[in-house]
Amino acid sequence: MRHSKLVPEVNAGSMADIAFLLLIFFLVTATISSDEGINRVLPKDCPTNDCGGIIAERNILRIAINSTDDILIEDELVTLSEIKEIVKNFADNNGDASCNYCHGNKASTASDNPNKAVISLQNSKQTTYKTFVAVQNELTKAYYELRQGYSLNVLGKPAVNLTTAEENQVKKAYPFIISEAETK
């Protein structure tokens, strides 16, 4: 008896169809994560090299997040919940008495007026993204409340009912100036 050396073949004609169906299945059922960033308007380019300007020390509020996610404002340890009120008091200070809509207490250690207030945010390379975003949210809440107060007290209506021109007026009254650059 002779055995033939022919090996039986498997019909692979439908393998391509099966692979295609599996690919379609995973494309349809897979969820694609949609990470969102922080909504910020970046400053315009400076046409000359003299755009840095010197900012008075009292007009800069320094916020630092260290590698263990501790939050320091002007080298003092604070909690996340304290940031909003500190920023509001700093920006709404009216130190030079030039702001007729400000309600600050004119402290000599806080900003001259909201147009000169700069928030300097610095973080360590080991700072977690969660803490960084939480601090950014607190800063945004502080300016939202300041702008909402201006809208109600000066314009006499809530921020959701403002026209585009009135929104620009509110943003001009309380500009959100944040710097993540190294300060000297």
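## A walk through the fold, starting at Phe176

Phe176 is partly exposed, with a relative accessible area of 23%. That is a handy place to step into this model, which is a predicted one. The cut-off for buried is under 20%, so Phe176, at 23%, doesn't count as buried. Its ring partner is another story: Tyr143 has a relative accessibility of 2% and therefore counts as buried.

Now look at how these two rings meet. A pair of aromatic rings is described by the distance of the centres and the angle of the planes. For Tyr143 and Phe176 the centres are 4.7 Å apart and the planes sit at 35°, so this pair is tilted. Tyr143 belongs to helix α3, while Phe176 is in the loop between α4 (164–173) and β5, so the pair ties together parts that lie 33 residues apart in sequence.

There are five aromatic pairs in total. One of them is Phe25 with Phe26, an edge-to-face pair with 5.3 Å from centre to centre and 70° between the planes. How buried or exposed are these two rings? Phe25 is partly exposed at 46% relative accessible area, and Phe26, at 52%, counts as exposed. The cut-off for exposed is over 50%, which is why Phe26 at 52% gets that label and Phe25 at 46% doesn't. Elsewhere, ring pairs link Tyr101, Tyr150 and Tyr174 into a cluster.

Let's step back to the whole chain. The protein has four helices and five strands, and from the N terminus on they run α-β-β-β-α-β-α-α-β. Of its 184 residues, 28% are buried. The exposed area is about 13500 Å², with carbon and sulfur atoms supplying 56% of it. If you take contacts between residues at least 6 apart in sequence, 63% of them join residues at least 24 apart.

Next comes the sheet. Its five strands are ordered β3-β2-β1-β4-β5, and the sheet is open, with mixed pairing. The edges are β3 (76–78) and β5 (178–179), each of which pairs on one side only. Start at the β3 edge: β2 (residues 71–73) and β3 are antiparallel and share three bridges. One contact to find there is Ile73, whose bridge partner in β3 is Glu76. Move over to β1 and β4, and the pairing is parallel, over six bridges; here Ile63 stands opposite Leu121 of β4. At the other edge, β4 and β5 also run parallel, joined by two bridges, with Ile119 partnered by Ile178 in β5.

Two helices lie across these strands. Helix α2 (residues 83–91) lies across β1 (60–65), β2, β3 and β4 (118–123), and runs at about 160° to β1. Helix α3 (residues 129–155) lies across β1, β2, β4 and β5, running at about 170° to β4. Remember that α3 is also the helix that carries Tyr143.

Now for the loop between α2 and β4, where you'll find both Asn93 and Asn113. Are these asparagines buried or exposed? Asn93 has a relative accessible area of 0% and is therefore buried; Asn113 is buried too, at 8%. Setting aside neighbours within four places in sequence, Asn93 is in contact with Arg58, Gly104, Asn105, Lys106, Ala107, Ala110 and Ser111. With Lys106, Asn93 is 13 residues apart in sequence and 5.1 Å apart in space, C-alpha to C-alpha. Asn113, with the same kind of neighbours left aside, is in contact with Ala91, Asp96, Ser98 and Cys99.

Cys99 brings us to the last stop. A disulfide is a covalent bond between the sulfur atoms of two cysteines. How many does a search of the whole structure find? It finds one, joining Cys99 to Cys102 with 2.0 Å from S to S. The link is right-handed, with 85° about the S-S bond. Both Cys99 and Cys102 are buried, and Cys99 is one of the contacts of the buried Asn113.

Terms used
Residues are numbered from 1 along each chain as its sequence is written. This is a predicted model: local features need pLDDT of at least 70, side-chain atom pairs count only at pLDDT 80 or more; totals for chains, interfaces and linings use all residues. Side-chain values use heavy atoms; hydrogens and water are left out. Two strands pair if DSSP finds at least two bridges between them. Contact means heavy atoms within 4.5 Å. Axes are lines fitted to C-alpha atoms, for helices over the stretch in contact, and angles run from 0 to 180 degrees between N-to-C directions. A disulfide is a pair of cysteine sulfur atoms within 2.5 Å. Buried means under 20% relative accessible area, exposed over 50%, partly exposed in between (1.4 Å probe, protein chains only). Accessible areas come from the Shrake-Rupley method with a 1.4 Å probe; for residues, only the protein chains shown count as cover. Rings of Phe, Tyr and Trp (its six-membered ring) pair if their centres lie within 6.5 Å; planes under 30 degrees apart count as stacked, over 60 as edge-to-face and the rest as tilted.
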